[in-house]
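Trainee: I am new to this structure and would like a close look at a single part of it. Please take the aromatic rings and go through them step by step, with whatever lies around them.

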Amino acid sequence: MADPRGFLKLDRELPKRRPVDVRIMDWNEVYEDFEDDKLRAQAGRCMDCGIPFCHNGCPLGNLIPEWNDLVWRDDWRVASERLHATNNFPEFTGRLCPAPCETACVLAINQPAVTIKQVEVSIIDKAWESGWVSPQPPARQSGKTVAVVGSGPAGLAAAQQLARAGHTVAVYERDDRIGGLLRYGIPEFKMEKHHLDRRLRQMEAEGVRFRPGVDIGVDISADDLRARYDAVVLAVGATQARDLPVPGRGLTGIYQAMEYLPPANRVVAGDFEHSAIDVKGKHVVIIGGGDTGADCLGTAHRQGAASIAQLEIMPTPPDTRPGNQPWPTYPMTYRVSSAHEEGGDRVFAVSTQEFLDDGSGRLKGLQIVEVEMTDAGFQPVAGSERVLPADFVFLAMGFTGVEEGDWISQLGVALDERGNLSRSDDYASNVPGVFVAGDAGRGQSLIVWAIAEGRAAAASVDEYLSGSTNLPAPIPASARQVTV
């Protein structure tokens with residue numbers, strides 16, 4: 001194990017966030033550097049438990065106690081190898097994952113958890129800086145070809161694994177750049193895009209071919225796709241946004257979160273000088289209290305909104321783990337992200353009744369009402385109605401399944417009762433040679449599940465093409481969902 005008394009001697013410590021008045025003036029990541037000595041000391045708090053429940057919390061099965069020990073011993077290169085043994089993209093998860101591993105940490109039973117996520121991202125950042133991350137092309141080619149549709153974390157993980165197994169892999173993406181929601185859905189202040197770009201360069205050097213700007217079912221028919229490739233992996237995500245059909249929904253100024261976030265990212269990328277949806281000097285309301293809502297919040301801060309309110313229908317979460325969410329489950333507690341720290345009002349236990357018209361077809365506000373949870377669902381509290389002024393409303397209420405499109409009927413893939421692509425435990429759809437990975441089959445979920453499913457689906461595809469596989473054994477597609 002690492003320091004045998006580390007958890008007794010040291011408190012949990014994380015890097016400081018840059019001052020709010022500084023960071024909202026740019027789009028750079030919010031955290032300051034963290035010294036190696038401090039990081040090593042934090043890794044030393046790991047107890048190397050007899051049963052490491054952090055593994056239970058992590059769908060990837062990361063070897064957390066091993067790389068904590070290696071960091072504490074200052075063996076960063078081997079720590080990087082251990083990290084990559086289970087995770088293709090630790091620089092993504094180390095920045096974007098909500099860290100269910102930490103809430104499952106045995107130390108978290110009665111003390112602050114080990115800073116697992118910070119150790120992870122520090123290992124991979126040092127590995128890139130030290131030149132330890134290099135392409136791993138296959139020793140020989142199999143002669144088999146695979147198309148991966150979708151370039152989010154599930155699609156990229158499947159593509160990298162299959163390319164390393166010797167198959168010729170092409171990744172298709174309907175957007176003009178590769179990366180899916182990593183590219184256009186995640187703001188720069190959470191993950192700067194150079195982290196994505198250098199990983200894509202590694203994959204290209206390993207033989208993966210990227211085909212951005214190609215919409216399957218439109219630019220290429222499903223029949224043509226299947227004729228060109230020996231297998232197809234559908235990793236298109238669950239991008240059908242949940243809507244809010246209340247009076248006034250058609251007013252100008254109401255947008256889905258994924259209509260708002262991509263243009264802001266494109267401004268940072270240099271595509272535009274200004275976003276088509278710019279809230280500078282405007283009153284903004286965000287409906288939805290999750291991570292996507294927080295992304296909208298941080299983006300609105302950086303655009304200079306006059307005021308921002310974030311609404312959530314659920315009651316205010318408790319500060320400590322509720323009794324009905326015992327360790328090692330992921331508890332629904334009150335959390336303050338970097339975007340929340342930057343300002344704005346958080347309003348819990350309210351529901352939107354109506355969007356209000358300024359008389360010209362444009363939004364001027366919304367009427368909300370307080371709600372309480374009953375056995376019959378959320379019920380309005382009489383006399384609690386009030387109006388919030390709003391020039392813009394962003395809907396960040398989650399996603400309901402795969403977007404409808406001609407490609408579904410063209411391929412003949414079946415949907416399940418939740419609107420996701422149906423698949424068996426080996427990730428195979430009802431169409432021979434067509435596999436499903438990530439949110440497209442699981443529904444809206446975590447980045448760690450996406451990467452884990454991409455890796456597992458790749459093993460099933462490799463076995464389908466080759467008769468056997470040396471890729472890591474797949475987790476079944478029906479594996480337990482971690483809800484966050």
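Mentor: Start with Phe392, which counts as buried because its relative accessibility is 7%, under the 20% cut-off. This is a predicted model, so the values that follow are computed from it. Phe394 has a relative accessibility of 0% and therefore also counts as buried. The ring centres of Phe392 and Phe394 lie 6.1 Å apart with the planes at 20 degrees, so this pair is stacked; the cut-off for stacking is under 30 degrees. Phe392 and Phe394 also belong to a cluster joined by ring pairs, together with Tyr255 and Tyr260.

In total, the structure holds 10 aromatic pairs. Another of them is formed by Phe53 and Trp327, with 4.7 Å from centre to centre and 55 degrees between the planes, and it is tilted. These two rings come from distant parts of the chain: Phe53 sits in helix H4 and Trp327 in the loop between S8 and H16, 274 residues apart. Phe53 has a relative accessible area of 27%, so it is partly exposed. Trp327, at 24%, is partly exposed as well.

The backbone beside Trp327 deserves a look too. The peptide bond that leads from Trp327 to Pro328 is cis, its omega being near 10 degrees. Pro328 is in the loop that runs between strand S8 (307-312) and helix H16 (338-341).

On the other side of the pair, helix H4 (53-57) follows a loop that starts after helix H3 (36-43) and contains Asp48. Asp48 is not a glycine, yet its phi is positive, at about 50 degrees. With 40% relative accessibility, Asp48 counts as partly exposed. A positive phi, near 65 degrees, is also found at Asp74, again a residue other than glycine. Asp74 lies in the loop between helix H5 (64-72) and helix H6 (76-84), and its relative accessible area of 47% makes it partly exposed.

For the wider setting, turn to the nonpolar interior. The largest nonpolar core has 73 residues, of which Val146 and Leu156 touch the most other members. Helix H19 (residues 447-466) gives the most to this core, namely 11 residues. Leaving aside residues up to four places away in sequence, Leu156 has contacts that include two aromatic residues, Phe89 and Phe210, along with Ile178, Leu182 and Met203. Another core, of 22 residues, lies apart from the largest one and has Ala170, Ala222, Val232 and Ile408 among its members.

Terms used:
Residues are numbered from 1 along each chain as its sequence is written. This is a predicted model: local features need pLDDT of at least 70, side-chain atom pairs count only at pLDDT 80 or more; totals for chains, interfaces and linings use all residues. Side-chain values use heavy atoms; hydrogens and water are left out. A nonpolar core is a set of buried Ala, Val, Leu, Ile, Met, Phe, Trp, Tyr and Cys residues joined through side-chain atoms within 4.5 Å. Buried means under 20% relative accessible area, exposed over 50%, partly exposed in between (1.4 Å probe, protein chains only). Helices (H or I, at least four residues) and strands (E, at least two) are DSSP runs, numbered from the N terminus. Contact means heavy atoms within 4.5 Å. Rings of Phe, Tyr and Trp (its six-membered ring) pair if their centres lie within 6.5 Å; planes under 30 degrees apart count as stacked, over 60 as edge-to-face and the rest as tilted.
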